[in-house]
Amino acid sequence: MPEDTLGGADISTLQVILPQRAIVIPAYNEADALPLLIAELSLHLTERDVIIVVDDSTLTTARETEVRCRAMAGDASHNLIFDHSYQRGGRGGAVRRGLK
């Protein structure tokens with residue numbers, strides 16, 4: 001197989017779409033404040049941007065927060081990713097997990 005092909009596709013014409021901006025938000029029991037922040041950020045982001053919320057809240061609170069955030073973001077073009085975890089490593093640990 002020639003070096004410039006991948007599974008038969010000409011890789012010289014493939015484009016990798018990477019996020020323009022990645023915003024990592026560590027959260028803990030933020031069901032009231034976080035949806036407002038997501039709504040405000042959504043006004044300024046494009047389809048090449050991503051918001052990663054690392055939520056260390058209890059599962060019930062984390063799910064409620066995610067539902068409210070997605071409702072506030074509406075049909076925003078950016079990606080919204082939630083990472084629910086029981087690992088409580090503080091803000092620094094949450095940011096490190098979000099960047100993985």
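**Group meeting talk: a buried aspartate and the sheet around it**

Let's start with one residue. Asp49 is buried, and its relative accessible area is 0%. Keep that residue in mind. One caution before going on: this is a predicted model.

What does Asp49 meet through its side chain? The partner is Arg21, in a salt bridge with N and O 2.8 Å apart. Asp49 belongs to strand β4 and Arg21 to strand β3, so this pair ties together parts that lie 28 residues apart in sequence. Arg21 is partly exposed, at 37% relative accessibility. Put the two side by side: Asp49 is buried, while Arg21 is partly exposed.

Now the overall plan. The protein has 100 residues, and 33% of them are buried. It contains three helices and five strands. Starting at the N terminus, the order is β-β-β-α-β-α-β-α. What about contacts along the chain? Take the contacts between residues at least 6 apart in sequence: 75% of them join residues at least 24 apart.

Next, a pair of strands. How many bridges join β3 to β4? Seven, and the two strands run parallel. β3 covers residues 21-27, and β4 covers residues 49-55. One of the pairings is Ile23, whose bridge partner in β4 is Ile51. How does the chain get from β3 to β4? It passes through helix α1, residues 33-42, and this β-α-β crossover is right-handed.

Now the sheet. It is open, it has three strands, and the order is β3-β4-β5, with parallel pairing. Which strands stand at the edges, and why does each have a side without a neighbour? The edge strands are β3 and β5; each has a single partner strand, so one side of each has no neighbour in the sheet. What is the average turn between neighbouring strands? It is 15°, with direction ignored.

Then the helices on the sheet. Helix α1 packs there and touches β3, β4 and β5. Its direction makes about 170° with that of β3. Helix α3, residues 90-99, packs on the sheet as well, touching β3, β4 and β5. For α3 the angle with the direction of β3 is about 145°.

Stay with α3 for a moment. Gly92 lies in this helix. Gly92 is partly exposed, with 37% relative accessible area. Gly92 and Pro26 are 66 residues apart along the chain, yet their C-alpha atoms are separated by 8.3 Å.

On to the interior. Which residues make up the largest nonpolar core? There are 11 in all: Ile25, Ala27, Leu34, Ile38, Leu45, Ile51, Val53, Cys69, Ala73, Leu80 and Phe82. Where do they come from? At least two residues each are supplied by β3, α1, β4, α2 (59-73) and β5 (79-84). Take Val53 as an example. Leaving out residues up to four places away in sequence, Val53 touches Ile25, Ala27, Leu34, Ile38, Leu80, Ile81, Phe82 and Asp83. There is also a second, separate core of five residues, among them Val24, Ile52, Val54 and Ala94.

Why would one strand serve two cores? Here is some background. In a regular strand, side chains alternate between the two faces of the sheet. Now look at the names again. In the largest core we have Ile25, Ala27, Ile51 and Val53. The second core includes Val24, Ile52 and Val54.

Last topic: charges. The model has four salt bridges. You have met Asp49 with Arg21. Helix α2 brings more. Arg68 forms a salt bridge with Glu64, and their closest N and O atoms are 3.5 Å apart. Both residues lie in α2, four residues apart, which is about one turn of the helix. Arg68 is partly exposed at 31% relative accessible area, and Glu64 is partly exposed at 40%.

Another pair is Arg70 and Glu66, with N to O at 3.0 Å. These two are also four residues apart in α2, so about one helical turn separates them. Arg70 is partly exposed, at 38% relative accessibility. Which residues form a network? Asp32, Glu64 and Arg68 are joined into one by salt bridges that share partners.

To close, back to where we began: Asp49 is buried, and its side chain meets that of Arg21 in a salt bridge.

Methods: Residues are numbered from 1 along each chain as its sequence is written. This is a predicted model: local features need pLDDT of at least 70, side-chain atom pairs count only at pLDDT 80 or more; totals for chains, interfaces and linings use all residues. Side-chain values use heavy atoms; hydrogens and water are left out. Two strands pair if DSSP finds at least two bridges between them. A crossover is right-handed if, with the strands pointing away from the viewer, the path from the first strand over the helix to the second runs clockwise. A nonpolar core is a set of buried Ala, Val, Leu, Ile, Met, Phe, Trp, Tyr and Cys residues joined through side-chain atoms within 4.5 Å. Buried means under 20% relative accessible area, exposed over 50%, partly exposed in between (1.4 Å probe, protein chains only). Contact means heavy atoms within 4.5 Å. Axes are lines fitted to C-alpha atoms, for helices over the stretch in contact, and angles run from 0 to 180 degrees between N-to-C directions.
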